[in-house]
Amino acid sequence: MGATKKIGDPNSQGALALDPIALLKALRPLQWVKNGLVFLPFVFAVDLAWSTDDLGPVPELLLKLVFVALAFCALSSAIYLFNDLMDRSGDRLHPVKKNRPIASGKVGVPVAVAVMIMLATAGLVVMVLVEPFLGLAGGLYAGINVGYSLGIKQVVLLDAFAVTSGYVIRAAAGAVAIDVTPSPWLYATTGAGALFIVLGRRFAEVRLAGDSAEEQRSVLKDYAGPFISQLLMLSAAAAWLSYTLYTVEATNLPENNTMLFTLPLVTFGLFRYLYLLNNSEQAEAPEQLIVRDLPLVLSIISWVAVSTLVLLLSN
């Protein structure tokens, strides 16, 4: 009799292997918080979303954005599955990544492919139903990320810009869904902030990998040394400056510039994140780094509260 195949054994070739908890982990639900960016255009479109004279369409607009956010959740999870499928052989050689659901064999390749196709199809269909033009945004997002998995992630700088583009596309999709035209500074701030987070992750990967950086990811060798530190500082300055100019220059924000009251909170958040990048052992995962640090969480909550107060009082 042949040896019994184990679901967790990547060499067992269990095509239909499926651990529901492992599959959920492969979808990376912690990353779904990024899809909240689709609500940014609504929040900061004061003349539409915060006008007490035009509350009629607000529930409908919010419902559209909820559907768009869910569509991005499905689409992004499909991309994560695709990435893990492409990387499964290399992941099995990595001390940590070998435990990923697909690399470990807990989720079989055919199952992962089927779920990936279903999620991608569902996400794109929902986007088209909400607003046909969103289908282009979803296709662009998917295309860039597929390209990332196929090789862009090995090209220095292009890898960071590819990931950053996903944040901006989400914000733009939110604007398209509710038919508003946000200030260009909203996109500039979103892009600069996202680039800061992405480069922060590269900085942490280089710092934590030490001499084995190239072995873990070949592109990390190009970020090693003072180069990544210089990039991180420039991106932090760009994020701070673009947000400052946004609070002052955006035509759909309070004309009395009261949004500047939120600037100290943003400044603290940027500095706190830099501190964590240099001292935390979990800095390679920004979403975990942020949610597990109480001062950073409090600064984000305070920013939301102060922004809401300023926007409410301006109308």
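This passage describes selected helices, salt bridges and a surface patch in a predicted model.

Two helices were examined for length and burial. Helix α8 covers residues 158-178, a run of 21 residues. From the first C-alpha of α8 to the last, the distance is 31 Å, close to the 30 Å expected at 1.5 Å a residue. Most of α8 is covered, as 15 of its 21 residues are buried. I178 belongs to this helix. With a relative accessible area of 5%, I178 is classed as buried because the cut-off for that class is under 20%. Just after α8 comes D179, which takes a positive phi of about 55 degrees.

Helix α13 is made of 17 residues, 263-279. Its first and last C-alpha atoms are 24 Å apart, close to the 24 Å expected at 1.5 Å a residue. The buried residues of α13 are L263, V266, T267, G269, L270, Y273, L274, L276 and L277. The cover over these buried residues includes four other helices: α9 (184-209), α12 (226-249), α14 (286-291) and α15 (294-313).

A nonpolar patch was found on the surface, formed by L63, V66, F67 and L70. Together these residues have about 350 Å² of accessible area. One member of the patch, L63, lies in helix α4, which spans residues 58-91. The relative accessible area of L63 is 48%, so this residue is partly exposed rather than exposed, a class that requires over 50%. L63 and I178 are 115 residues apart along the chain, and their C-alpha atoms are separated by 10.0 Å. Of this pair, I178 is buried, whereas L63 is partly exposed.

Charged side chains were considered next. Side chains of opposite charge can pair when their charged atoms come close. A search of the whole structure gave eight salt bridges. Among them is the pair D87 and K153, with the closest N and O atoms 2.4 Å apart. D87 is part of helix α4, while K153 is in the loop between α7 (134-150) and α8, so the pair ties together parts that are 66 residues apart in sequence. Both D87 and K153 are buried.

Helix α9 contains two salt bridges that involve E205, one with R201 and one with R202. In the pair with R201, the closest N and O atoms are 3.7 Å apart. E205 and R201 are four residues apart, about one turn of the helix. In the pair with R202, the closest N and O atoms are 3.4 Å apart. E205 and R202 are three residues apart, again about one turn of the helix. Both of these residues are buried. Salt bridges that share partners join D159, R201, R202 and E205 into one network. Within this network, E205 has a relative accessibility of 5% and therefore counts as buried. R201, by contrast, is partly exposed because its relative accessible area of 29% is not under the 20% limit for buried residues.

Key. Residues are numbered from 1 along each chain as its sequence is written. This is a predicted model: local features need pLDDT of at least 70, side-chain atom pairs count only at pLDDT 80 or more; totals for chains, interfaces and linings use all residues. Side-chain values use heavy atoms; hydrogens and water are left out. Patches are made of residues with over 30% relative accessible area and no salt bridge: like charges are joined within 9 Å, nonpolar side chains (Val, Leu, Ile, Met, Phe, Trp, Tyr) within 5 Å. Accessible areas come from the Shrake-Rupley method with a 1.4 Å probe; for residues, only the protein chains shown count as cover. A salt bridge is a side-chain nitrogen of Lys or Arg within 4 Å of a carboxyl oxygen of Asp or Glu. Buried means under 20% relative accessible area, exposed over 50%, partly exposed in between (1.4 Å probe, protein chains only). The expected span of a helix is 1.5 Å times one less than its number of residues. Contact means heavy atoms within 4.5 Å.
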